[in-house]
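Grab a pencil and work through the exercises below. Each one has a task, followed by a solution in small steps.

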Amino acid sequence: MRLIRNKYLQYLLVGVAFLLPVIIRGVPTATVTLAASMVYTAIAALGINVLLGYSGQISLGHAAFMGLSAYLSAYLTKQMELPFLLSVLIAVLVPMLIGLILGAIAVRLEGFYLAIATLGFGEILRQLFIEMDWFTGGFSGASATYPKMFGHQFTKVEMYIFMVCLLVALMMLVYNLVRSSTGRAMIAMKSSKTAAMAMGVNVFQYKLISFAISSVFAGLAGVCYVHFFRHVDPTVWTAALSLNLIAIVVIGGAATVGGAVVGAVVMHGLPELMKGMPIVGEIPGVPLLIVGILMVIMLIFYPRGLIHIPRDIANFFQKRASHAKKGEV
Amino acid sequence: MAQVLSVDHLSISFGGLRAVDDLSFHIDRHEIYGLIGPNGAGKTTVFNCITQFYKPDAGEIRFTDQKGKEHLLNGMPAHKIIGLGLVRTFQNTEIIRELPIIDNVLLGAHTEFRAGTLANMFAMPWARKQERELRKKAMDVLTYVGLDKIANEYAGAQPYGVLKLIELGRTLMCDPSLIILDEPAGGLNDSETERLTELIRGIARDRHCAILLVEHDMKLVMALCDRICAISFGKKLAEGTAAEIQQNPLVQDAYLGKEDDA
């Protein structure tokens, strides 16, 4: 039991669980594709969690960052024939710089105003995706290949394994971050800006940091997307996706590392599960309706996020056990 | 006499209301200095001006650090103040409710941490080592204020008296030379106040730092303060020892008299 409390090991186990579809023989490719959707969304949501869950900042523009990185990586690897890792680096640094600009805006704007500003920002980017067709392929989109690294050409399954490894590594990095002085300063900034400032936290700096980190994560998610699905078009990177990321963080558990992953799995898995159900799954629209209702129910009964369910169950049994013990004495 | 803080001709107005009006005072090293006055007299505003949460319209605020170097605080960003060794608490407590008590105290050492974002992300051994060392220091502080047994409990679940102690403990992490306490005994019961009085006296003595406090509990003010400054409508009424202040007719009119009526 104690071993499982080690967070690194927990994250490795999450990775192993994600790898099951490629380890077990005879799993349909559709399942691997679904799992890949969960993984790239979880990577972006992990970043949103640093931004929203830990730092208390909101952005409705991060889907556009994902798109920007996806286009960049597609363009750099295909048109400019740059090595994969170099193009990833560029594809992630560009959104980071834009993220820093958003962070600077966030110093002036808070709450709803920040939400509107980032929403506008994201929509401008998305319009550019449509207009700049020499770069993005316009409405029909751009294509990419599975990556080639150190002379080795990745297959679909290998790309998926790469994504899972990336997710596990990022979970560990976020865990390290949030239990350090940086994470403390972020949480302080979210909870009481006054206290944070009085204790020497440069609020401007930490807003920039949280926007930069979340933009990099969104960028990595975009890179994963484009090199797994090998295609990118402007219909994906809407504000709806940004809202989805926020929903994932809230449903999974804000300000927890695992929450983003749990949320991503539920948000992608539940609709598929419902579609697979007999009778209700066969009527168009009904599965999504049920998913919507389930989410409302989850938010009512578990506003802190689904990630807390196992601990609450454990606490429940512990309490019962200790009551029973008292009874014996 | 070496001064730690001097406030000269401080004034600030909010939309035509003069909250602080040409106020001057200074605090000596190791001194416990009290600021009293009726509600709305501008006491907290003075604190906010000193710690640069408000930017005063006029007047100079100077602070001398541990090494004897003088700093003009006017115009400094609020987050830079603590680095000089000047730290404050808040009237209604500003606690990070979602962090454990010990992490709230650790926040007080924020400016000590050398590790940047990347070093923290990759959990560099030297960064973790500093975290462990400061965590130990925070534990010592918690032992000092008597909260060591509940160090890992969440701050949000604690009663008001504990929150006040967390805030007080948090100020000790930066090895301050001046602590500003905004109503440290506000909302505390008699026995808690008595313990707090001892604690504040102990901090000033053991940690060689000066204390500037605002407080409505006159017993605490009179028992603790070396000197007291009474203000009303942002203006200084009188300054002196507890006995002098108590006998001052102006103060009695403006403040103590009024309290008797209520």
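**Exercise 1. Is Leu12(A) buried, partly exposed or exposed?**

Start with the neighbours: Leu12(A) has 14 other C-beta atoms within 10 Å, so it is partly exposed. The cut-offs behind that: 20 or more other C-beta atoms within 10 Å makes a residue buried, 12 or fewer makes it exposed, anything in between is partly exposed, and C-beta atoms are placed from the backbone. Next, place it: Leu12(A) sits in helix 2 (residues 7-23) of chain A. Helices here are DSSP runs (H or I, at least four residues), strands are too (E, at least two), and both are numbered from the N terminus.

Before going on, keep in mind that this is a predicted model: local features need pLDDT of at least 70, side-chain atom pairs count only at pLDDT 80 or more, and totals for chains, interfaces and linings use all residues. Residues are numbered from 1 along each chain as its sequence is written, while chains are lettered from A and ligands numbered from 1 in the order in which they are written.

**Exercise 2. Describe the overall build of chain B.**

First, the elements: chain B has nine helices and ten strands. Then the compactness: its radius of gyration (over C-alpha atoms) is 19 Å, close to the 18 Å that the globule rule gives for 262 residues, so chain B is as compact as a globular protein of that length. That rule is 2.2 Å times the number of residues to the power 0.38. Finally, the inside: 47% of the 262 residues in chain B are buried.

**Exercise 3. Which domains make up chain B, and how many residues does each give to their contact?**

Split the chain first: domain 1 of chain B covers 1-85 + 176-262, and domain 2 covers 94-174. These bounds come from an automatic or database domain assignment. Their C-alpha centres lie 26 Å apart. Now the contact (C-beta atoms, placed from the backbone, within 7 Å): domain 1 of chain B gives twelve residues and domain 2 of chain B gives nine. On the domain 1 side, the largest share, three residues, comes from helix 6 (residues 190-206) of chain B.

**Exercise 4. Which helix gives the largest share of the side of chain A that touches chain B?**

Count both sides: 22 residues come from chain A and 29 residues from chain B. On the chain A side, helix 8 (156-178), helix 9 (181-191) and helix 10 (193-198) each give two or more residues. The largest share, seven residues, belongs to helix 9 of chain A.

Definitions and conventions. Two residues are in contact if their C-beta atoms, placed from the backbone, lie within 7 Å.
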